[in-house]
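These are my notebook entries on a structure I went through by topic. I recorded what I looked up and what I found.

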Amino acid sequence: MAAYMRSVICLLSIERNAFLSKRGGVIAESKRYVRGLRRKPVRVLFPENDTDKVPKPTPQPQSPGLNVKKKKEAKVTATTEQPEARDFVKGKNNVQSVTKPAFTKDHIDGLRFERALPGDKRLARLVSVARSRTFREHQGKILLEGRRLICDALDAGANPQMVFFSTIDRLRELPLDKLKRATLVKVKFEDIKIWSDLMAPQGVIAIFSRPNPSRLNFANNGHSVPLSLICDNIRDPGNLGTMLRCAAAAGCHEVLLTKGCVDAWEPKVLRAAMGAHFRLPIYPSLGWDDMEKHLPKLVTVHVADSNCGADRNRETEASQVNVSHKPSKAGDYGWVSTRSIYKNTHYEESDSDLDSDNDDEGLSLPRVDSKLYHESWAQSPTALVIGGETHGLSVEAVQLAEKTAGHRLFIPVAPDVDSLNSAMAASILLFEGRKQLMKLMQTPGRKWKPTAEQQLSC
């Protein structure tokens, strides 16, 4: 009986091994030992006729106990990690999160610059504040945009404080040796485009200290002529910038601005002037009492007048009319302001028999002869006064012209045409004055002293 049972168990084990060997679609010889069934073949050799048929191995399901075992091993390794290393990494991350700067630093040709990170408000704050005239005057800062304007300022000796640029190539276009004391900040081009006033920004904006005209190195000193430009109540930024550009092109010695003029360092004026601020000295916000201090002592002041054409003889006769007739107004001088403080101003009495007490009752308006612009009027150090189109010339300007034996200059135009733009009239008169002064300076046998020497000799 025992022998029979042993034969049945052996037969069952053989059949079970044969059944397991057919699972993968490959009939292989059965093995007697269980260890051989658990081994995975490295390579399966097929018959030569069935080389095209490659059976796909069926995925073997993993027992859930193995996964649980792996998870437990991972937990054990995590808990066995050194606590000192974990604390070091944790402390390092905390330090980085606390001391994370708002910018990163880099170098270019020996200069260190900063890379502005998101949230940096320096560009927005400085640009918005630098556009205010009150800030420019109180804080002494100006804003310059564009490579050419910044290079002109650096060549003249202006002091840069901060430069914002979009790319390294834009920064290399500037003289880097003159930016050693400035703070260089690299920002995105989109940020510059937001705060720029230009349609096509160049990708560079700089903040400078407000220049002092007496400390700048101007390029036109060797080519200037004894001709000064006085801007009286020029309110339009485009007109003032164009006039400054014309004055620099004509080789003027200096430009004087009265208190009623627009700020010379306004962005629109800077763009229209095209670097004229750094080619000749500009003295802003001057009163008429201080005007003569900036002019040579032997200067002749002329005023531009657009309303003294064919009837200049008639105006000369009207100036001799008795005070009993209708009084003349300051507006009779063309671009002359008619402000209320001069409402009671009258001409001086021409009758010598009048009592001296009556002479004190009224003040005299200036009497200035008129001349065509191409006639000879620039024969000595000359100053030209251009009034604004809205308020015109002030009476103080005409009084200064009378005091220095100047003239009222006018440019004839076609009938039914209004007067020229103040900037266009200034350009015509400035280049005419330059032509006359150059012709006078080139006269044989005439020695002409520079304006500075004339001021010292006087």
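**Entry 1: Aromatic pairs**

I began with burial and found that Phe113 is buried, as is Phe165. The model I consulted is a predicted one. I then looked up the ring geometry, given that a pair of aromatic rings is described by the distance of the centres and the angle of the planes. The structure holds two aromatic pairs. Phe113 and Phe165 form one that is edge-to-face, with 5.6 Å centre to centre and 70° between the planes. I noted that this pair links distant parts of the chain, since Phe113 belongs to strand 2 (residues 111-116) and Phe165 to strand 4 (residues 160-165), 52 residues apart.

For Phe113 I also looked up the exact accessibility. Its relative accessible area is 1%, and Phe113 is therefore buried, the cut-off being under 20%. I checked a further residue against Phe113: the C-alpha atoms of Phe113 and Phe164 are 9.7 Å apart in space, and the two residues are 51 apart in sequence.

I turned next to Trp265 and Phe278, which form a tilted aromatic pair, 5.8 Å centre to centre with 50° between the planes. Trp265 lies in the loop between strand 8 (254-258) and helix 11 (267-273), and Phe278 in the loop between helix 11 and strand 9 (282-286), so this pair ties together parts that are 13 residues apart in sequence. I recorded a relative accessible area of 8% for Trp265, which is buried. For Phe278 I recorded 3%, and this residue is buried too.

**Entry 2: The cavity**

Which residues line the largest cavity? I found Pro211, Pro213, Leu216, Phe218, Trp265, His277, Leu280, Pro281 and Ile282 in the lining. Trp265 of the tilted pair is thus one of the lining residues. By class, the lining divides into eight nonpolar residues, one polar and no charged. I noted the volume of the largest cavity as about 40 Å³. The structure holds one cavity of 30 Å³ or more.

**Entry 3: Strand 12 and its partners**

I asked how many residues of strand 12 (residues 382-387) are buried. The count is six of six, and I entered the strand as mostly covered. Both faces are covered: Thr382, Leu384 and Ile386 are buried on one side, and Ala383, Val385 and Gly387 on the other.

I then looked up the pairing of strand 12. Strand 7 pairs with strand 12 in the parallel sense over six bridges. Within this pairing I noted Cys231, whose bridge partner in strand 12 is Ile386. Strand 10 (residues 300-304) also pairs with strand 12 in the parallel sense, over four bridges. Here I noted that Val301 stands opposite Ala383 of strand 12.

**Entry 4: The loop before strand 12**

I looked up Ser380 and placed it in the loop between strand 11 (370-372) and strand 12. Ser380 has a relative accessible area of 21% and is partly exposed. Its side chain makes a polar contact of 3.2 Å with the side chain of Thr300. I also recorded that the C-alpha atoms of Ser380 and Pro226 are separated by 7.7 Å, although the two residues are 154 apart along the chain.

**Entry 5: Strand 3**

Is the pairing of strand 3 with strand 6 parallel or antiparallel? I found that strand 3 and strand 6 (residues 204-209) pair in the antiparallel sense over five bridges. Leu144 stands opposite Ala206 in strand 6. Strand 3 (residues 141-145) is mostly covered, with four of its five residues buried.

**Entry 6: Positive phi values**

I searched the backbone with one expectation in mind: most residues other than glycine have a negative phi. Asn233 departs from this, with a phi near 60°, a positive value in a residue other than glycine. I placed Asn233 in the loop between strand 7 (227-232) and helix 10 (237-249). Its relative accessibility is 14%, and Asn233 counts as buried.

Ser285 is not a glycine either, yet has a positive phi of about 55°. Where does Ser285 lie? I found it in strand 9. Ser285 counts as partly exposed, at 39% relative accessibility.

Methods. Residues numbered from 1 in each chain as written. Predicted model: local features only at pLDDT ≥ 70, side-chain atom pairs only at ≥ 80, totals over all residues. Heavy atoms only, no water. Phe/Tyr/Trp six-rings, centres within 6.5 Å; stacked < 30°, edge-to-face > 60°. Helix = DSSP H or I, 4+ residues; strand = E, 2+ residues; numbered from the N terminus. Buried < 20%, exposed > 50% of the residue type's maximum accessible area, 1.4 Å probe, protein only. Pairing = 2+ DSSP bridges. 1 Å grid on protein atoms, 1.4 Å probe; cavity = no way out; pocket = protein on both sides within 12 Å on 5 of 7 lines; lining within 4 Å. Points joined across faces, edges and corners; volume = space filled by probe spheres on them. Nonpolar A, V, L, I, M, F, W, Y, C, P; charged D, E, K, R; others polar. Polar contact = N/O pair within 3.5 Å; in protein donor to acceptor, adjacent residues only side chain to side chain.
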